[in-house]
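Student: I have a structure open and I'd like to learn how to read it. Could we go through some features together?

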Amino acid sequence: MTAPELTGTGGHVPAVAMIDADGVVTGWSRSAEDLFGYADADIVNRTAAVLLQPEGAAERLGDLLSRVAGREQWTSLAEVRHLDGTPVTVHLRGARINPAPGRPRWLLWATPVAEAANSLLEPLVKRSPIGIGMFDRDLRYVWLNDTAARVPDFFPYRAVGSSVDDWPKDGIETLIAAARRLLADGVPVLDREIRRTTLDGREEHTFSISLFRLDGVDGEPVGVCSLAIDITHSRARQRLALLADASARIGTTLDVTKTAQEMAEFAVPALADYVTVDLAESVLPEGEPLQRLTATDVSIPVFRRAGAASIHPSFPESLWFQGEPVYVPPASPFTAVLSSGRSHFEPHLDTSAGTWLDLDPDRSKIIHDTRMHSLIIVPLRARGDVLGITVFVRTDNPAPFTEDDLTLAEQLAARAALSLDNARRYTREHNAALALQRSLLPRTLSGGDALAVAGRYLPSDVHNGVGGDWFDSILLPDGRIALVVGDVTGHGINAAATMGRLRTAVRTLAHMNLPPADLLTHLDHLVARMNEQDIANLLSPADMGATCLYVVYDPATRQFTLSAAGHPPPAVVTPGGEVSFPSVPVGTPIGLGFGSYEALTVDAAPGSVIALYTDGLVETRDADIDEGMARLSATLTDPALPLELLCSTVIDGMMGTRLAEDDVALLLARTL
């Protein structure tokens, strides 16, 4: 199960609710009451249409549910009605839960748009050089980024809460009219140039204004977004376009080497004729440690070449190629940039005698041979760390680098450094999460004298093998055996850590000999309390949620007692090979604190097999859970196979050659 990750700003808890397939509200949190005014008793078991604009609310709710019916999760802006009738524009996310085949429920998170913009969009737009503002349907400002808020001399009435109807009509009437038309027809207004003069009349700037409509997931408009770019200086406009292009082309993956190469290739020939990206060993840990390499008489190994690009296909400028150690003299601009964190700018490269090049004859020869004449070296700095350097050189282009070129190089390097640091941190987190995950999964499984047990875990290729699926078998003090399989939302270190906490909690509660339904109720309340504590530390409810199937086998009665929390039902196979999926009452996922759980008892003759699994085994983007369960049934028709072989048969039959889109956990048990 994969759910969206959403945290409130400043520790605020997102509003959480649940609706069923017909749009009826089945769960309502305290934070939802705080945001929308409805108490639990006022909204639960009523249609969610009461939260929408009265006109055509039922039809629009039906359209929304039909649009998202095939999705696992979705996100959108929406205008929701408060109990007092005022509109509340929210950032809305939904995650599908499958308590029963063909009857999905939707778990919803809602955050006021100003809070969502501050928390989710800040890295992209809050400090963007583009002024960005958001209006509601009445054309009142609901959010501005820093750039839009800093131009009062040209737009004195750009303030949150202000309405365009309150502004003086000083040349922007056509834009206001265009915004009203946009709400009606959805046709965006692109690159509309307007001239604005400061209040004192001393300065005039030209702005490019674009407007586009913000639609909810139901297709209805919820507001307008405006983009304002100061294009007074054409060179600035070109630079903005180049930087926007860089944001799309640098850092397309979480691969350090690929990101470095994207940086080098993007800057050639747009800025330089030859560019290299050299990284410190801490960023590229693969290969032989640099400190073990032998230094020369004048140079030491300091970096590894991670990326390079040239206007010349043969790379005549390069002494080293990708992956090779890069040697530099201790007294050189390369080491100076690394140690100081400041750029080296040499528009006219000094190759005369008495410079640092006297200590680097190999570089000196290449500089003369290729006619290098202008040099910029920029540190790759991210979050306070210098990750390496990037070098910009001009050879064939006769123009020396300018101060503007230096600024552009530093801006490109800043974007690349952030992407490189994200890749580095992701790799570290992935390795730590993978180690944690492997240590928390059971090393051996035991069913005592009553069950033969085998399990299999298949990591997700999409998320590089780090998730929160788990399985376990627990020998209870009275001779019964507990079987459990669970699926923590999300991936990464938080999911792996949460999985460990839940597995420990289940084991502790199991040894209290609680009935399965009571155990899940206690687990749900426990995790809900953990959520309340962790929200203050910016962990979302999604980070702590999970589905779980808990089964207890009693060899004295030869019965399985099953209880589920938002989890698919198990498959039960008779000794003759007949497969069924018991209709286990399905409660809400663990951690929401919405209610209690029920149990179902199933008889099991000797030689019967029960299969517990997570949804990654039976669900794909191209097939729903019903199709997956039908295919699972076909792989279980030979229950007499050794369980390890049967595990392999199931995994091979279900996965084939396709990559796993989500983690897969499978637990098989045969009655003896």
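Student: Let's begin with R249: which residue does R249 form a salt bridge with, and is R249 buried or exposed?

Tutor: Keep in mind that this is a predicted model. The general idea is that side chains of opposite charge can pair when their charged atoms come close. Here, R249 pairs with D245, and their closest N and O atoms are 3.1 Å apart. R249 is partly exposed, with a relative accessible area of 42%, and D245 is partly exposed too, at 30%.

Student: Where do D245 and R249 sit in helix α7?

Tutor: An α-helix has 3.6 residues a turn, so residues three or four places apart point the same way. D245 and R249 are 4 residues apart in α7 (residues 234–249), so about one helical turn separates them. Helix α1 (residues 30–36) offers another case: R30 and E33 lie 3 residues apart there, again about one turn. Their salt bridge has its closest N and O atoms 3.9 Å apart. R30 is exposed, with a relative accessible area of 62%, while E33 is partly exposed at 29%.

Student: How many salt bridges are there by this rule?

Tutor: The count comes to 19. One of them joins R480 and D478, at 2.8 Å from N to O. R480 counts as buried at 18% relative accessibility, because the cut-off for buried is under 20%. D478 is partly exposed, with a relative accessible area of 44%. You'll also find a network of salt bridges linking R383, D385, D421 and R424.

Student: Next, helix faces. Which residues of α15 are buried?

Tutor: In α15 (residues 625–635), they are I625, G628, M629, L632, S633 and T635. These buried residues lie on the same side of α15, because they cover an arc of only 160° around the axis. On the face turned away from that buried side, you'll see the exposed residues A630 and A634.

Student: What covers the buried residues of α15?

Tutor: The cover includes two strands, β23 (579–580) and β26 (609–613), along with helix α16 (643–655).

Student: Which residues have the most contacts inside the largest nonpolar core?

Tutor: Look for L483, Y550, F560 and I610, in a core of 52 residues. Click on Y550 and leave out residues up to four places away in sequence: what Y550 touches includes L483, V506, P516, L520 and L562. There is also a second, separate core of 35 residues, with A260, V378, L387 and A417 among them.

Student: How about sheets? What is the strand order in the open sheet of 5 strands?

Tutor: Reading across, the order is β2-β1-β5-β4-β3, with antiparallel pairing. The edges are β2 (25–28) and β3 (73–81), each of which pairs on one side only. Neighbouring strands are turned by 30° against each other on average, direction ignored. For one pairing, take β4 (residues 87–97) and β5 (residues 105–112), which are joined by 8 bridges. There, R93 has W109 in β5 as its bridge partner.

Student: And backbone oddities: which peptide bond is cis?

Tutor: Most residues other than glycine have a negative phi, and most peptide bonds are trans. The bond from V268 to P269 is cis, with omega near 0°. P269 is in the loop between α8 (256–267) and β11 (274–279). As for phi, N45 has a positive value near 75°, and R558 has one of about 50°. N45 is exposed at 64% relative accessible area, whereas R558 is partly exposed at 29%.

Terms used:
Residues numbered from 1 in each chain as written. Predicted model: local features only at pLDDT ≥ 70, side-chain atom pairs only at ≥ 80, totals over all residues. Heavy atoms only, no water. Pairing = 2+ DSSP bridges. Axes fitted to C-alpha atoms, helices over the stretch in contact; angles between N-to-C directions. Buried < 20%, exposed > 50% of the residue type's maximum accessible area, 1.4 Å probe, protein only. Arc of directions from axis to C-beta. Contact = heavy atoms within 4.5 Å. Core = buried A, V, L, I, M, F, W, Y, C linked by side-chain atoms within 4.5 Å. Salt bridge = Lys/Arg side-chain N within 4 Å of Asp/Glu carboxyl O.
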